Amino acid sequence: MNAPGSGRSNLGSRRLMQRIAFSLVWAAGSLSVLILLIVVGYIVAKGLSSITWQFITTPPRGGISGEGGISTTIVATLYLVVLTVGIATPLGVGAGIYLVEYAEAMARKSRIIRAVVSTARFGVETLAGVPSIIFGLFGYALFVSSMHLGFSLLAAGLAGACLILPVVIRTTEEALKAVPVSYRNGSLALGATRWQTTQKVVLPAAIPGIMTGIVLSVGRIVSETAIFYVTLGGSYRMPTSLLSGGRTMALHVYYLAMETRAFDKAMGTAAILVISIIIINAVINLFSRKLSARIGA
Amino acid sequence: MRTRFIVDKSVGYFLMLMALTSILAVFLIGFFTLREGLPAISEIGLGRLLTGSVWRPGLEEFGLVPMIAGSVLVTIGAAILGVPLAIGCAVFLAEIAPRWMSNIVRPAVELLAGIPSVVYGLFGMVVLVPLARKVPVAGNSGFGLLAASAVLAVMILPTITNISEYAIRLVPREYREGSLALGTTRWQTITRVILPSARSGIVAAIILGIGRALGETIAMIMVIGNSVIIPRPLNANPLTIFLSQARTLTGNIAVEINYATGIHESALFATGVILFVLIMLINSSARAIMRERTR
Amino acid sequence: MEETTGACRLRTIGYKLWYGDFCALHETTLDIPSNRITAIIGPSGCGKSTFIRTFNRMNELIPGVRVAGEVLLDGQDIFRLDVVELRRLVGMVFQKPNPFPKTIFDNVAYGPRAHGLRDRNRLAEIVEKSLRSAALWDEVKDDLSKSGLALSGGQQQRLCIARTLAVEPEVILMDEPASALDPIATLKIEELLQTLKKDYTIVIVTHNMQQAARVSDFTAFFMTDENRSGHLIEYGPTSRVFTNPREKTTEDYISGRFS
Amino acid sequence: MHKITAASILKAAVFTAALALVPLKSAGADTEITLFGSTTVQPLAEKLGEAFEALHSDIMVTVGGGGSSVGVKAAGEGTADIGMASREVKESEFQEFPGIVVHTIARDGIAIVAHPGVSVSNLTVEQVRQIFSGEISNWSGVGGPNQVIVVIAREEGSGTRAAFEELVMDEALITSGAILLPSNGAVRTSVSTTPNSIAFLSFGYLDPSVRGLSIEGIEPSVSNAKTGIYPVVRPLNMITPGPAGGAAARFLEFIMSPDGQAIVSSEGYISVI
């Protein structure tokens, strides 16, 4: 028992060390929850009083005095969600299907295709890391100025679609990879082509995962400010066409906070934003639970 | 029978085109930002842009050193506050938390990632700036690096926590068991075997967090003061540098792009090019580290 | 039970284990003698790994595990001992060689260092002694700073044994230590066991009956019942269990009627 | 779950994508007037637009910000029907867009404002220059308490800043230590919440949350600006890509009418008739 490495001697101090360290780690975990509660709690508590049915259904007015409600900003946000998701989903799902279902088989045959595939992967990875202000600059240079779309939903939507494209691609890839290979083999063995297999067997199984990606993208667009700050113009009038300017809810929070002293309304709008994000996260969790249940079954 | 396979083949190529839209977008982004920034880069010179310490567009002075300093300092501040917290969270979730607790912490961290940056900015403006103003130092306006770093620390927490937790979970169970079987405490196992084995993943997580910090815009312009100065301590205590106002590269673009014309606008695009290149470098080094690890 | 000669080091009395509601191991009462090699045999899933992971309380790492009954180490209830101290006294070598991604030296010095030893010379002594005891010294003495992962599978397993010896345990648990190795490496490990038993009490799980017969002094045979729970069927000196089993099931198993 | 098939998702996606390409421009250019530019002119334009819409229910006025330079550019490039600028159009801009027409719809004073807690109430032009250039960095330098002055200003390119520099700063430069904010509203908000701060602000944004300082003993008020004794005044311009036509012309006519100019006055700006 007088072993050289005998633990008895320092076991007490090691235990103490562990206790201190674990308390700190527990504190870190709890602190993240606490920070969330403080931020969300503060915003919602301050904002709740200004949220009324009227606030949601009337348009903003009064310029810098920051009067009125937020109806037009909700509409502009929804337009942008539909627009960006509408553009990015077909492209993103298509790209995801290619990268998971086709890329390997096609790349095996040709060196050019192999290069194409790795280029595509590089594109997705890079795009995912681009900061949103750069998407904004790009949207401003290409869509607003060069293509003469002006500050408009269309210009902002195109720039916003670039933001969520990698999100859709990645979640689609994840969802497709989670579909067991046996599903595919079963279908292929029956003589179905790859596309038939993908369409009839793989995609249906992957739908909850793909939906997760779409909902995640919705969240990104609802939260985004920087891109729309430089491409959307910021008018709070009701958008009438794709070439109208507009103001999303997030942008409205920015303008109210920075340009007016209507902090209560900024808080109210921010509270609605935060609540929508909480709902969106809940939906995502629902989908991913559904997904894991399905894969488990 | 044949048509089925022709369809299959053409669908494959069609999907391949879709897969290439990302790289097309990257190319277009690079191309247009560079095209707009090129006049400034050629006229002013990349060297003067990167080393000039005065930014006065009215006098055609376009030095980015103040913004580079601002971005670097606010990122350092965010890392000091956020990295220990984020890694603590990751260790907690991966190794220590009982199930009920991780069922609270994990969604909380996810939600922190989802909260719009404008909301963080608003919270910073209304709560943190007045709080920072309470530090009794002459010339402290509250707006500045401290408030901005605190906001940013929370914003990078989810990125670092998620990727670090993933890296820690990738450490083979055998290492953990092998260490515990030698009579080490769980904490010793974590610090001596698990964290070293997950090191590259954690480093990558921190780098990605830094990339995210450098790219943040709206929350920054709401709390950092946007002054075009190289931050320096407000008094003899060097820590008061964090009470100084500053401006980030991203803020420089956002604050001025709407008001800029000609060479000034081009200089802002050049700022964008520099930011883009910087973040691409950072992200690809993080990816390289992660790839190294999986090998 | 009967026939165990010498001092008894480990003893289980009415020990039971559940994963959640599933009873993985039925009441087991067993004495493991000092300085002997005790082999645990039985078909896959019969609870033999679960059983030896009892002795260093490794099962506690799995959520939802419950135990009942007594387990004694030198007469002391292991559930009352500090688990960290227990694991130092009861070392373990795993089925798959699991050296840490560190140098050979650091792998062996890991335990003593964790227990607070800082003295470099003393560490170097322990590392050499442990590597010698694990019959690995001559193969690695010139490149102790090489990664432990760069060794061959058999060397890695002996490194893990050296790592275990470095903290001077009283008991060494081995969970199918040779199942991932080739026959030559297996032979080396088996030879090593014979020298180690002079100083240590060894419990080894194996599904290789020849190996059990070759190396062990005592053999315990576990078997699953219709509910897939593990039962101890028979326990005694190896020579007797293999030549003259008392239970029909043991005989069937040994003669290879099922596996 | 099986009701949603892959095909239906793809169909929906394609449909929405197609939707994105169809109605590029709404019913006709004459029913909507878009304005972009100066954040100083923006709130005024919004008020004018609301009044104009009340008279012409078929026309919609959409006002966005951006800043004076954007205003000139938007008009010059034709991305807006009307651009707004809170400063004179520069020679270089006329060279770039030779066709543009400038309409001065109002004039605006630039007030020097401070946090309500600041005890100083009058400054000379010279003192203002020294404070904003950083030569005087403590309120004690202008007869106030011993407190560091927090200078808040607009960023480069702002029309308000350009006018302020031209009218007050002469050749002096605004100190680089100034907090820079991207709009008049942001400046007002920050001055009202930051002790010991000073800034310049469009008259239209004056309200009790900030303290307007007298310059050379003259209060920042519309009447003082109108009679010409308040020294810091600049034009507010609307710019059309060419001679105004259609709805934009009717909107400009309305602005220049007595009704329109009454709104200009009531919003705190100086009418031009």
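**Exercise 1. Does R87(D) count as buried or exposed, and what is its relative accessibility?**

Let's work it out step by step, keeping in mind that this is a predicted model.

- Step 1: start with the value. R87(D) has 5% relative accessibility.
- Step 2: bring in the cut-off. Buried means under 20% relative accessible area.
- Step 3: put the two together. At 5%, R87(D) counts as buried.
- Step 4: look at the partner. The side chain of R87(D) meets that of E93(D) in a salt bridge, at 3.1 Å from N to O.
- Step 5: check that partner too. E93(D) has a relative accessible area of 3%, so E93(D) is buried as well.

**Exercise 2. Sketch chain D as a whole, starting from its helices and strands.**

- Step 1: list the elements. Chain D has ten helices and ten strands.
- Step 2: ask how much is covered. Of its 273 residues, 57% count as buried.
- Step 3: turn to the outside. The accessible surface of chain D is about 10300 Å², and carbon and sulfur atoms account for 55% of that.
- Step 4: see how the chain meets itself. Take the contacts between residues at least 6 apart in sequence: 74% of them join residues at least 24 apart.

**Exercise 3. Compare two salt bridges, one in chain B and one in chain C, by the burial of their residues.**

- Step 1: take the chain B pair. R169(B) and E165(B) meet through their side chains at 2.9 Å, N to O.
- Step 2: place them. Both sit in helix 7 (residues 145–170) of chain B, four residues apart, which is about one turn of the helix.
- Step 3: check burial. R169(B), at 48% relative accessibility, counts as partly exposed, whereas E165(B) is buried at 7%.
- Step 4: take the chain C pair. R240(C) and E234(C) form a salt bridge whose closest N and O atoms are 2.8 Å apart.
- Step 5: check burial again. Here both R240(C) and E234(C) are buried.
- Step 6: step back. Over all chains, the whole structure has 38 salt bridges.

**Exercise 4. Which chains share the most contacts? Describe how they meet.**

- Step 1: pick the pair. Five pairs of chains are in contact, and chains A and B share the most contacts.
- Step 2: count residues. On the chain B side 80 residues take part, touching 79 residues of chain A.
- Step 3: add the area. The two chains bury about 7000 Å² between them, with 79% of it on carbon and sulfur atoms.
- Step 4: look for charge pairs. There are two salt bridges across this interface, and one joins R287(B) to E125(A) at 2.7 Å, N to O.
- Step 5: follow the links. E125(A), R287(B) and R291(B) belong to a network of salt bridges.
- Step 6: add the polar contacts. Twelve residue pairs are in polar contact between chain B and chain A. On the side of chain B that touches chain A, the residues split into 54 nonpolar, 17 polar and nine charged.
- Step 7: for contrast, try chains C and D. They don't touch, and their nearest C-alpha atoms are 32 Å apart.

**Exercise 5. Explain what catches the eye in the phi angles of N35(C) and R57(C).**

- Step 1: recall the usual case. Most residues other than glycine have a negative phi.
- Step 2: read the angles. Phi is positive at N35(C), about 50°, and at R57(C), about 55°. Neither N35(C) nor R57(C) is a glycine.
- Step 3: locate N35(C). Its loop runs between strand 2 (22–33) and strand 3 (37–41) of chain C, and N35(C) is partly exposed at 25%.
- Step 4: locate R57(C). Its loop lies between helix 1 (48–52) and strand 4 (65–73) of chain C, and R57(C) is buried at 11%.

Technical notes. Residues numbered from 1 in each chain as written. Chains lettered and ligands numbered in written order. Predicted model: local features only at pLDDT ≥ 70, side-chain atom pairs only at ≥ 80, totals over all residues. Heavy atoms only, no water. Helix = DSSP H or I, 4+ residues; strand = E, 2+ residues; numbered from the N terminus. Buried < 20%, exposed > 50% of the residue type's maximum accessible area, 1.4 Å probe, protein only. Contact = heavy atoms within 4.5 Å. Areas by Shrake-Rupley, 256 points an atom, 1.4 Å probe, with all protein chains shown as cover. Buried area = accessible area lost by both parts, 1.4 Å probe. Salt bridge = Lys/Arg side-chain N within 4 Å of Asp/Glu carboxyl O. Polar contact = N/O pair within 3.5 Å; in protein donor to acceptor, adjacent residues only side chain to side chain. Nonpolar A, V, L, I, M, F, W, Y, C, P; charged D, E, K, R; others polar.
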